[in-house]
Amino acid sequence: MSKPRRPRRRVDGILLLDKPVGLSSNAALQDVRRLFGADKAGHTGSLDPLASGVLPICLGEATKLSGVLLDADKCYVAEARLGLRTATGDAEGEVIETGPVPGIDALRQAATRMTGRITQVPPMYSALKHEGQRLYALARQGIEVERAPREVRIHALEVTPLPESDRVLVRAQCSKGTYIRTLVEDLARAAGGCAHLAALRRTAVAPFEGLPMHTLDALQERAAQGGTAALDALLLAPAAGLSNWPRVQVAEETAARLARGQAVGLGDTAAPGRCAVTDDAGRLLGLGEVDERGSLRPRRWLLPNAADGL
């Protein structure tokens, strides 16, 4: 007889999970959702099973912020193996090219040239779609299709030698949509050689830099000792995901109009652009956007009591 399904509950917040190697982002998400008994859950940007590191998981009303958090800058530490290129761009693929091992000086010079706005051709082993099919599914059938280059921004790129002569650490701070496997390949190519990604860890996702992460093992232990109340104490308020956004504070009557989907005039009291809307006590109400005429429109609204404030 199967176990009865655990009842779901409303719980609002953001958990910074330290995803382990070998687990897909969706599997990690489902594990967290089960532990918290959450009715809704979503993550803010996949990590490959071979990668570890920070995976922000939004629960409850915080899932309404998942879309904007996908746009966040991220930091990675990658181990690159030089002299070998693989079909998948990582350690799981077969070797399809061998070449010289670039020296550290050449790699650092290439890193300097690759800092700023660059274009990448997405890898075939990616979740992008072509005519309704995932690229990685086509790649597994031996099919390769043309992919349009995409512009990304590399804010910082450092290369550090490792004791093994054919391995280096690559530290990257970059915009959304950056493929680190492709970055490693392009970096080695620009330095006169080839390479593939041997290991990858995501160390930060804006705006959560410097905040503690939690492993699944630690979460399971905490749940066994203190139940969901002990887990809830680890959650960041949904507002933490908007800590780097401009704020617009509104009175109760104005908040009620916004909650009904109505726009309100602010005059010249707020700069145009997207904003976090708060009440008089500083509690997050939702996402808004101010237009050039000073009119504030609601974009995503949170249910009451979803956050304790910014």
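How many of the eleven residues of helix 5 are buried? In this predicted model, the count is eight, so helix 5, spanning residues 180-190, is largely enclosed by the rest of the structure. The buried set comprises Ile180, Arg181, Thr182, Leu183, Val184, Glu185, Leu187 and Ala188. Gly192 follows helix 5 and has a positive phi, near 95°. Most residues other than glycine have a negative phi, and most peptide bonds are trans. A cis peptide bond does occur in the model, from Ala206 to Pro207, with omega near 5°. Pro207 sits in the loop that joins strand 12 (195-205) to helix 6 (216-232).

Helix 5 also contributes to pocket walls. The largest pocket has a volume of about 1,200 Å³. Its lining consists of 38 residues. Nearest the centre of this pocket lie Ser46, Asp48, Ala127, Tyr179 and Arg181. Of these names, Arg181 also appears among the buried residues of helix 5. Several elements each supply at least two lining residues: helix 1 (25-36), strand 4, helix 4 (135-140), strand 10, helix 5 and strand 12. By class, the lining of the largest pocket holds 16 nonpolar, eleven polar and eleven charged residues.

The second largest pocket encloses about 460 Å³ of space. Its lining is made of 20 residues. Those nearest its centre are Arg85, Ala87, Met124, Glu144 and Arg147. Strand 5 (84-86) and helix 5 are the elements that give two or more residues to this lining. The largest share, five residues, comes from helix 5. Eight residues of the lining of the second largest pocket are nonpolar, five are polar and seven are charged.

Charged pairs were examined next. The structure holds 17 salt bridges. One of them joins Arg81 to Asp166, with the closest N and O atoms 3.3 Å apart. Arg81 belongs to strand 4 (residues 74-82), while Asp166 is in the loop between strand 10 (150-161) and strand 11 (167-174), so the pair ties together parts that are 85 residues apart in sequence. Arg81 is partly exposed, at a relative accessible area of 30%.

Two further salt bridges involve arginine and aspartate. In one, Arg283 pairs with Asp279, and the closest N and O atoms are 3.1 Å apart. Arg283 is partly exposed, with a relative accessible area of 40%. Asp279 has 13% relative accessibility, so this residue counts as buried. In the other, the side chains of Arg293 and Asp291 meet at 3.4 Å, N to O. Arg293 counts as exposed because its relative accessibility is 68%. Asp291, in contrast, is buried, with a relative accessible area of 19%.

A network of salt bridges links Lys40, Glu61 and Lys64. Glu61 is located in the loop between strand 3 (51-59) and helix 2 (66-69). At 3% relative accessibility, Glu61 counts as buried, the cut-off being under 20%. Neighbours within four places in sequence aside, Glu61 is in contact with Arg10, Asp12, Lys40, Trp301, Leu302, Leu303 and Ala306. Lys40 is thus named both in these contacts and in the salt-bridge network.

Helix packing was considered last. Helix 1 and helix 6 pack at an angle of about 30°, and their axes are 9 Å apart. On the side of helix 1, the contact is made by Asp31, Val32, Arg34, Leu35 and Phe36. Helix 6 contributes Leu216, Leu219, Gln220, Ala223, Thr228, Leu231 and Asp232. An α-helix has 3.6 residues a turn, so residues three or four places apart point the same way. By class, this contact has seven nonpolar, two polar and three charged residues. Asp217 also has its place in helix 6. Asp217 is exposed, with a relative accessible area of 58%. Its C-alpha atom is separated by 9.9 Å from that of Asp18, although the two residues are 199 residues apart along the chain.

Technical notes
Residues numbered from 1 in each chain as written. Predicted model: local features only at pLDDT ≥ 70, side-chain atom pairs only at ≥ 80, totals over all residues. Heavy atoms only, no water. Buried < 20%, exposed > 50% of the residue type's maximum accessible area, 1.4 Å probe, protein only. Helix = DSSP H or I, 4+ residues; strand = E, 2+ residues; numbered from the N terminus. Salt bridge = Lys/Arg side-chain N within 4 Å of Asp/Glu carboxyl O. 1 Å grid on protein atoms, 1.4 Å probe; cavity = no way out; pocket = protein on both sides within 12 Å on 5 of 7 lines; lining within 4 Å. Points joined across faces, edges and corners; volume = space filled by probe spheres on them. Nonpolar A, V, L, I, M, F, W, Y, C, P; charged D, E, K, R; others polar. Axes fitted to C-alpha atoms, helices over the stretch in contact; angles between N-to-C directions. Contact = heavy atoms within 4.5 Å.
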